[in-house]
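Trainee: I am new to this structure. Could you walk me through it?
Mentor: Gladly. Have a look first, then ask.

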Amino acid sequence: MKHTHDRLDLLDTFQKIGESRSLSKAARLLGTSQPTVSRRLLELERMLGCKLALRTTASFSLTDEGRSLLAGARDLGDRWSSLSHRLSG
């Protein structure tokens, strides 16, 4: 059986990638390896059916879809934090 990551974990990984503009930096922030972060990005792209980032050995940029997802991921993260704080506090 193929292992798939939780969608929220994938969004968190993507948010780290988008904000740092680097798979390697995102991996350091997440305490994991660059190949793991790359696999998570590919899994999210497959799940959503679109390219989220354009990457080469020399450059990295988000696609229009990637920028849209990053904004949505930030909003979702903020809403989750607010809800969690209200419920626990």
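**Helix H2 and its surroundings**

Trainee: Which residues of helix H2 are buried?
Mentor: Helices are DSSP runs of H or I with at least four residues, strands are runs of E with at least two, and both are numbered from the N terminus. Buried means under 20% relative accessible area, exposed over 50%, and partly exposed in between, with a 1.4 Å probe and protein chains only. In H2, residues 23-30, the buried ones are Leu 23, Ala 26 and Ala 27.

Trainee: Within what arc do the buried residues of H2 fall?
Mentor: Look down the helix axis and take the directions from it to the C-beta atoms. The buried residues of H2 line one face of the helix, because they fall within an arc of 105°.

Trainee: What can I rely on here?
Mentor: This is a predicted model, where local features need pLDDT of at least 70 and side-chain atom pairs count only at pLDDT 80 or more, while totals for chains, interfaces and linings use all residues. Residues are numbered from 1 along each chain as its sequence is written, and side-chain values use heavy atoms, with hydrogens and water left out.

Trainee: Which exposed residues sit on the face of H2 turned away from its buried side?
Mentor: Turn to the face away from the buried side. The exposed residues there are Arg 28 and Leu 29.

Trainee: Which elements do the buried residues of H2 pack against?
Mentor: Look for contact, meaning heavy atoms within 4.5 Å. Both helices and strands appear among the partners. They are H1 (7-20), H3 (34-48), S1 (53-55) and S2 (60-62).

Trainee: Is Leu 23 buried or exposed, and at what relative accessibility?
Mentor: Leu 23 is in helix H2. Leaving aside neighbours within four places in sequence, its contacts include Ile 17, Val 37, Leu 41 and Phe 60. Leu 23 counts as buried, because its relative accessibility is 11%.

Trainee: How far apart in space are Ala 27 and Ile 17?
Mentor: Ala 27 also lies in helix H2, and at 3% relative accessibility it counts as buried. Not counting residues up to four places away, Ala 27 touches Thr 32, Ser 33, Gln 34 and Val 37. Ala 27 and Ile 17 are 10 residues apart in sequence, and their C-alpha atoms are separated by 8.2 Å.

Trainee: Which backbone nitrogen does a side-chain oxygen of Ser 22 reach?
Mentor: Go to the start of H2. The oxygen comes to within 3.3 Å of its partner. That partner is the backbone nitrogen of Ser 24.

Trainee: What is phi of Arg 21?
Mentor: Most residues other than glycine have a negative phi. Arg 21 lies in the loop between H1 and H2, and is partly exposed at 43% relative accessibility. Its phi is positive, near 60°.

Trainee: Which residue just after H2 takes a positive phi?
Mentor: The value is about 70°. The residue is Gly 31.

**The whole chain**

Trainee: What pattern does the chain follow along the sequence?
Mentor: The chain has 4 helices and 2 strands. Buried residues make up 33% of its 89 residues. Read along the sequence, the pattern is α-α-α-β-β-α.

Trainee: How far apart are the C-alpha atoms of Ser 84 and Ser 61?
Mentor: Ser 84 is in helix H4, residues 64-88. At 34% relative accessibility, it counts as partly exposed. Ser 84 and Ser 61 are 23 residues apart along the chain, and their C-alpha atoms are separated by 32 Å.

Conventions. Polar contact = N/O pair within 3.5 Å; in protein donor to acceptor, adjacent residues only side chain to side chain.
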